[in-house]
Amino acid sequence: MWQLVLLKNLLKGPATEAFPFGEATTPAAYRGRVAFDPSACTACRTCQYVCAAGAIHFEERPDGLRFTLWHNSCVFCGMCQHYCVAKAIHLTTDWHLSHEQARKYEMVEEGWVPFRPCLQCGELMLPATPPLMRLAYRGDSKEIEALRHLCPKCRQTRAAGRNS
Amino acid sequence: MSSLSRFAGKSPWLYRINAGSCNGCDVELATTAIIPRYDVERLGCQYCASPKHADIVLITGPLTTRVKDKVLSLYDEIPNPKVTVAIGICPISGGVFRESYTMSRPVDEYIPVDVNVPGCPPRPQAIIEGIAKAIKILESRS
């Protein structure tokens, strides 16, 4: 019997992972570096609220919002991804985050979410993103697409006018 | 002695300082050392028990106020040249304990850190990657 075990072990090769001399295995569900998609973000700031480590920060400026996530205080819990309705934030499987001290403050994920002018009155506002509209209305229509680019006030006026 | 120091980078000795860690990163450090799957000794490293023998210092934990003086005196005992690696987000930024009254400021305000390995805790391969970077720095210093 022991010959069989010996043969098996010989065929299996070493149990040690080749890394750093070769590739390392990474599980598909591994929670690594955070990726942010500003085009899908609606700036609800839920990610900032649920962030256990306080790594996510939104800075509001007159013409938009700046999203910042510092990987050196992120605990990779994945709560931001879990609670993001617009699917703008997700954790990739990239775990190559070790870095020299000089690059300490470069380990950030940034994104710029610009305000857009309302098509009717021109007031700056943040339109709902297509993924969010699909989630809310289960599909796009011309009417919804037109309403999407209006500020809440103009939307209200148009909706009231349509019904009367 | 100078001719010997050329080889120091080939066999650096690791020394682990727990600066108030939750033990998560320490478990991952133990994993890199004793589990054949990761095996940090392939890089020529070995964990040592005395700070006087160390070449690469691995610091875990957010540096609590109670342990701060002990960590600093221990760090001074390690002979130069030495390379410091901060393991986990706690020594790098304070991590989830950042605003606690029992924490000192991040480790790099007291100790010159060379390599950071973020994670909570970082996976063993990431720690090995960080140690590999530290070995390169050690080779340039010795």
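## Two serines and two chains

S73(A) lies in the loop between β3 (64-70) and α3 (79-83) of chain A. Helices here are DSSP runs of H or I with at least four residues, strands are runs of E with at least two, and both are numbered from the N terminus. Everything below comes from a predicted model, where local features need pLDDT of at least 70, side-chain atom pairs count only at pLDDT 80 or more, and totals for chains, interfaces and linings use all residues. Residues are numbered from 1 along each chain as its sequence is written, chains are lettered from A and ligands numbered from 1 in the order in which they are written, and side-chain values use heavy atoms, with hydrogens and water left out.

**Exercise 1. Work out the surroundings of S73(A).**

Step one is burial. With a relative accessible area of 3%, S73(A) is buried. The scale runs like this: under 20% is buried, over 50% is exposed, and partly exposed is in between (1.4 Å probe, protein chains only).

Step two is the neighbours, where contact means heavy atoms within 4.5 Å. Skip residues up to four places away in sequence, and S73(A) touches A53(A), G54(A) and A55(A), along with I89(B), S93(B) and R98(B) from chain B.

Step three is a distance check. P130(A) sits 57 residues from S73(A) in sequence, and their C-alpha atoms are 31 Å apart.

**Exercise 2. Check the radius of gyration of chain A and of chain B against the globule rule.**

Start with the rule: take the radius over C-alpha atoms, and for the globule use 2.2 Å times the number of residues to the power 0.38.

Now chain A. For 164 residues a compact globule would come out near 15 Å, but chain A has 24 Å. Its C-alpha trace spans about 90 × 40 × 25 Å along the principal axes. Chain A has six helices and eight strands, and 32% of its residues count as buried.

Next, chain B. A compact globule of 142 residues would be near 14 Å, and chain B has 14 Å, so the two agree. The C-alpha trace of chain B spans about 50 × 35 × 25 Å along its principal axes. Chain B has five helices and five strands, in the order α-β-α-β-β-α-β-α-β-α. Buried residues make up 52% of chain B. Among contacts in chain B with a separation of 6 or more, 82% link residues 24 or more positions apart.

**Exercise 3. Find where S21(B) sits and what it contacts.**

First, the place: S21(B) is in the loop between β1 and α2 of chain B. Then burial: S21(B) counts as buried because its relative accessibility is 17%.

Now the side chain. One of its polar atoms lies 3.0 Å from the backbone nitrogen of N23(B). Last, set aside neighbours within four places in sequence, and S21(B) is in contact with D26(B), T60(B), G61(B) and P62(B).

**Exercise 4. List the buried residues of α2(B) and say what they pack against.**

Begin with the list: helix α2 of chain B covers residues 24-34, and its buried residues are C25(B), D26(B), E28(B), L29(B), T31(B), T32(B) and A33(B).

A handy reminder for reading such a list: an α-helix has 3.6 residues a turn, so residues three or four places apart point the same way.

Finish with the partners. The buried residues of α2(B) pack against four strands of chain B, namely β1 (13-18), β2 (46-47), β3 (56-60) and β4 (83-87), and against the helix α5 (124-141).

Technical notes:
Polar contact = N/O pair within 3.5 Å; in protein donor to acceptor, adjacent residues only side chain to side chain.
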